[in-house]
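Below are my notes on the model you sent, as numbered points. They go from strand pairing to the sheets, then to the cores and the aromatic contacts.

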Amino acid sequence: MNRTRIESFRRALRLDRRRFLAGTAVTIAAAIAPVAGQTPVSGPAVLDQPGETYVVTADFTAPGTAFVIAADDITLDLNGHTVVFGDAPVVRVPNAGFEQGSGATPAEWDLSAAPGARRTARQWYWENWELHVDMTASSVQTLRSAPVTLPGDQTYIAFGWVRGTSSDSATLRVRRTSDGAVVAESSRTGINRGFALEARFKPAAATEVYVELELHGSSEMWCDEIDIKPAFQYGVASYDWQDPDLFPDLPPGQVKHGARLTIKNGVLRQGRAQAVRSAAVKSKGPDLTITGVTLETNSINSNTLDYYWGGGLTIENSTITATSLGVFNRMSPVALVNATRTKGDVVIRNSTIEGGAQQGIALYRRYAESGSGSRILIENNTIKNHEKVTNGYGIGMTGCRNFTIRNNVIAPVFGRGLLIDTAGTDGTNSDGEIYGNTISVKEKANHEFGPESLQVAGIRLRTYPPKGNFRIHIHDNEITAYTDESLVSQANGITATLRSSGEDVVIENNVIRSQVVGAGRTGQALLFEETLAVSNTVARNNVLEGNHTIVRFGDFDGKSTSGILLDGNTLRRGTPARADFRSVRIGYWNGTESGLELRDTSYESGADVDDMEFIGSGTKDVTVSWYLTVRVTDGSGAPLGGAQVTVTDASGGTTTGTTGSDGTWTTALPEYRRAGASGADRTEYNPYTVTVRYGSASSTQNVTLDRSQAVDFVFEDTGGNAPPSPVRNNRRGDVETP
């Protein structure tokens with residue numbers, strides 16, 4: 001390329017950038033003929049040539065959205081550069097968070113119509129200070145901010161958090177300073193959850209405004225972070241149509257297509273304007289690939305990567321981070337990676353996902369839409385989300401099938417581990433495998449709930465509302481849940497609320513710990529809040545450790561459990577030692593706990609098979625059982641298959657079976673059963689009488705079954721003996737054959 005053409009190209013880029021900054025984005029592809037299918041980019045642009053690779057040639061900053069995708073099959077190669085989007089001058093309400101002031105009086109606020117308002121140390125919200133309003137001084141009180149000047153032709157959101165009671169209400173208004181006219185308004189009743197109010201508006205020209213918050217209540221309220229910010233600014237905007245709610249400040253017709261978009265090799269960073277409801281990548285359309293990219297956001301209520309109703313999603317070797325004050329409404333989850341209603345494969349691997357205000361990865365699909373052939377693979381990632389509202393999971397999933405979550409480190413700064421949930425009308429999960437992960441969790445109170453109302457969990461399994469096809473295999477993970485007096489009230493390794501029939505949940509070969517420190521704090525390595533007898537729930541060969549409770553059946557979010565088998569687990573008492581420690585707790589309120597079985601359990605460090613606490617008025621039924629293996633050989637030690645075994649317990653009940661070709665037969669038999677509300681109804685099954693018959697010969701031994709064990713029978717002379725006919729097991733009702 002000669003010098004004249006290079007200079008012509010540079011002038012064209014400068015002109016294009018000026019037009020884009022002025023609000024009229026232009027296409028850069030025509031600036032110079034592409035070289036080998038690649039087009040250089042050095043400023044904000046609309047990328048509209050199908051199949052083209054656009055290569056960023058220098059770091060640059062955009063006041064609003066940086067790139068708009070207007071064609072399919074585009075590759076955006078950041079080429080090792082940093083692109084800063086949303087970097088217009090900072091706009092905010094003076095002292096929005098009440099951090100400046102003198103004692104109880106916040107600077108920059110008019111409280112003359114709010115006689116009960118006082119600046120107080122933070123109790124519910126952000127940073128160090130918030131506003132407490134005593135509504136007994138007046139049932140209607142109004143706060144008024146200092147004025148702020150807003151540049152025109154830009155969409156803004158005014159917002160503020162308010163907490164009161166379910167009968168209280170609040171109205172947020174933006175008023176023009178010159179005449180007091182209302183520019184925008186939002187009201188909310190029932191503000192007991194402390195969510196934010198939002199008011200969206202777009203002044204045509206530069207305007208000076210102030211924020212007014214009107215409160216209606218009878219007791220007390222708390223307010224914080226009453227502010228105005230720009231909104232809807234993106235590093236990359238890629239949608240199949242220009243939704244006016246999501247792209248209000250882009251020229252009409254710019255956003256279109258965007259199928260099969262690839263972004264690679266560089267940094268997309270949100271700038272100083274901190275626009276809310278924004279994203280480093282906002283995408284809707286078939287197939288998005290992010291590889292070797294750092295995505296950074298710094299604003300309130302913003303998904304860093306926001307992918308909606310697309311095909312497949314691939315994220316590899318990338319870093320996705322956010323610094324965020326909070327979330328407007330935690331019932332609409334905000335995540336570092338938000339993938340909603342995807343239909344194709346989702347692969348997230350070898351990446352770091354860190355910070356934010358709620359979830360790390362949110363995968364909310366519709367089961368019927370996801371397709372039986374699609375898969376989800378989340379592997380080899382480090383996930384350290386920072387929960388500032390409820391339901392801040394490292395990974396949250398619903399409506400997902402064919403998923404694998406493996407070999408990740410999930411260690412939120414504060415927050416929970418995995419949520420495998422059902423939601424809506426089509427939100428079940430099926431055919432999932434979770435293994436090889438290291439999960440470590442702890443959680444704080446937030447502005448919606450105090451610490452006594454919250455529990456942290458390494459893995460949360462929930463089928464509510466009930467759904468079928470909930471098939472999950474959880475194995476070979478290391479899970480630790482911790483809490484103390486500065487954190488929430490309960491810490492559980494795994495919490496399961498399984499209300500569906502046809503479930504198949506297997507938890508095996510994991511190390512699961514709960515550690516609680518301080519008065520009033522509780523925790524379980526394994527908590528079953530509610531299950532059905534037909535939920536097919538098995539926990540086997542795990543190491544379960546807890547210093548308050550190791551295993552619990554029944555709790556406040558379910559209360560009744562049935563049909564759970566714990567098989568071959570090791571129960572270990574953890575440290576520091578608690579005076580109120582119990583190996584097993586059974587029951588909650590009037591819940592019923594039936595068909596529970598602890599089979600072949602080992603006990604370590606002070607845990608004990610008889611250390612059970614029965615709680616509540618509901619009936620209970622739990623059995624402690626062990627494996628009995630009968631080994632039958634001839635005089636030379638050769639196994640004898642087809643030998644008939646009869647085991648009779650102390651009450652005369654019998655169990656029968658036949659040795660296999662290896663000469664052995666194994667069954668599980670109860671040592672005792674405890675029933676009734678307090679577990680006082682105890683049935684002992686020892687001692688057992690074991691009789692083995694081989695042909696015409698027979699032999700008998702007595703066994704006390706207080707551990708799993710084997711007994712040996714030797715028949716010296718087996719000549720002429722034949723195996724017996726099939727026999728019926730009168731305990732289980734099945735037929736066993738030699």
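1. Two strands are taken to pair if DSSP finds at least two bridges between them. On that criterion strand β58 (residues 644-648) and strand β62 (residues 688-694) are a pair, running antiparallel and joined by 5 bridges. Within this pairing, Gln-644 of β58 has Arg-693 in β62 opposite. Note that this is a predicted model, and that local features are described where pLDDT is at least 70.

2. The β58 and β62 strands belong to an open sheet of 4 strands, with antiparallel pairing and the order β59-β58-β62-β63. Because β59 (654-658) and β63 (697-703) each have a single partner strand, one side of each is left without a neighbour in the sheet. From one strand to the next, the twist averages 15°.

3. On the chain as a whole: the secondary structure consists of 2 helices and 66 strands. The C-alpha atoms fill a box of roughly 105 × 75 × 40 Å along the principal axes. The chain has 738 residues, and 56% of them count as buried. Contacts between residues at least 6 apart in sequence join residues at least 24 apart in 75% of cases.

4. A second open sheet deserves its own entry. Its 5 strands pair in the antiparallel sense, in the order β11-β12-β20-β15-β18. At the edges are β11 (117-121) and β18 (196-201), each of which pairs on one side only. Neighbouring strands here are turned by 30° against each other on average, direction ignored. The pairing of β11 with strand β12 (residues 129-134) is antiparallel and runs over 5 bridges; in it, Arg-119 stands opposite Leu-131 of β12.

5. Which strand has 5 of its 5 residues buried? That is strand β49 (residues 549-553), so it is largely enclosed by the rest of the structure. Parallel pairing is found for β49 with strand β46 (residues 522-531), over 4 bridges. There Phe-528 stands opposite Phe-553 in β49. Strand β53 (residues 582-586) also runs parallel to β49, with 4 bridges joining them. In that pair Thr-549 faces Arg-582 of β53.

6. The general expectation is that in soluble globular proteins nonpolar side chains tend to be buried together. In this model the largest nonpolar core has 115 residues, and Phe-67, Ile-263, Leu-268, Phe-553 and Val-630 have the most contacts inside it. Strand β57 (residues 620-634) gives the most to this core, with 6 residues. Apart from this core lies another, of 33 residues, including Leu-111, Leu-131, Leu-143 and Ala-158. Leu-131 is thus named both in this 33-residue core and as the residue opposite Arg-119 in β12. Similarly, Phe-553 is among the residues with the most contacts in the largest core and stands opposite Phe-528 in the β46 and β49 pairing.

7. What does Val-630 touch, once its neighbours within four places in sequence are left aside? Its contacts are Val-645, Thr-659, Gly-663, Thr-664, Trp-665, Val-690, Val-692, Val-711 and Phe-713.

8. The aromatic pairs number 14. One of them joins Phe-60 and Phe-67 edge-to-face, at 5.7 Å centre to centre and with 80° between the planes. Are these two rings buried or exposed? Phe-60 counts as buried because its relative accessibility is 6%, and Phe-67 counts as buried because its value is 0%; the cut-off for buried is under 20%. Tyr-239 and Phe-247 form another edge-to-face pair, 5.3 Å centre to centre with 70° between the planes. Both Tyr-239 and Phe-247 are buried. Separately, Tyr-125, Trp-126, Phe-159, Trp-161 and Phe-328 form one aromatic cluster.

9. Charges over rings should be listed as well. The ring of Tyr-239 has the charged end of Lys-284 over it, 5.8 Å from the ring centre. Tyr-239 therefore carries this contact in addition to its edge-to-face pairing with Phe-247, given that a charge sits over a ring if NZ of Lys is within 6 Å of the ring centre and within 35 degrees of the ring normal. Arg-573 lies over the face of Phe-581, at 5.2 Å from the ring centre.

How values were computed
Residues are numbered from 1 along each chain as its sequence is written. Side-chain values use heavy atoms; hydrogens and water are left out. A nonpolar core is a set of buried Ala, Val, Leu, Ile, Met, Phe, Trp, Tyr and Cys residues joined through side-chain atoms within 4.5 Å. Buried means under 20% relative accessible area, exposed over 50%, partly exposed in between (1.4 Å probe, protein chains only). Contact means heavy atoms within 4.5 Å. Rings of Phe, Tyr and Trp (its six-membered ring) pair if their centres lie within 6.5 Å; planes under 30 degrees apart count as stacked, over 60 as edge-to-face and the rest as tilted. Axes are lines fitted to C-alpha atoms, for helices over the stretch in contact, and angles run from 0 to 180 degrees between N-to-C directions.
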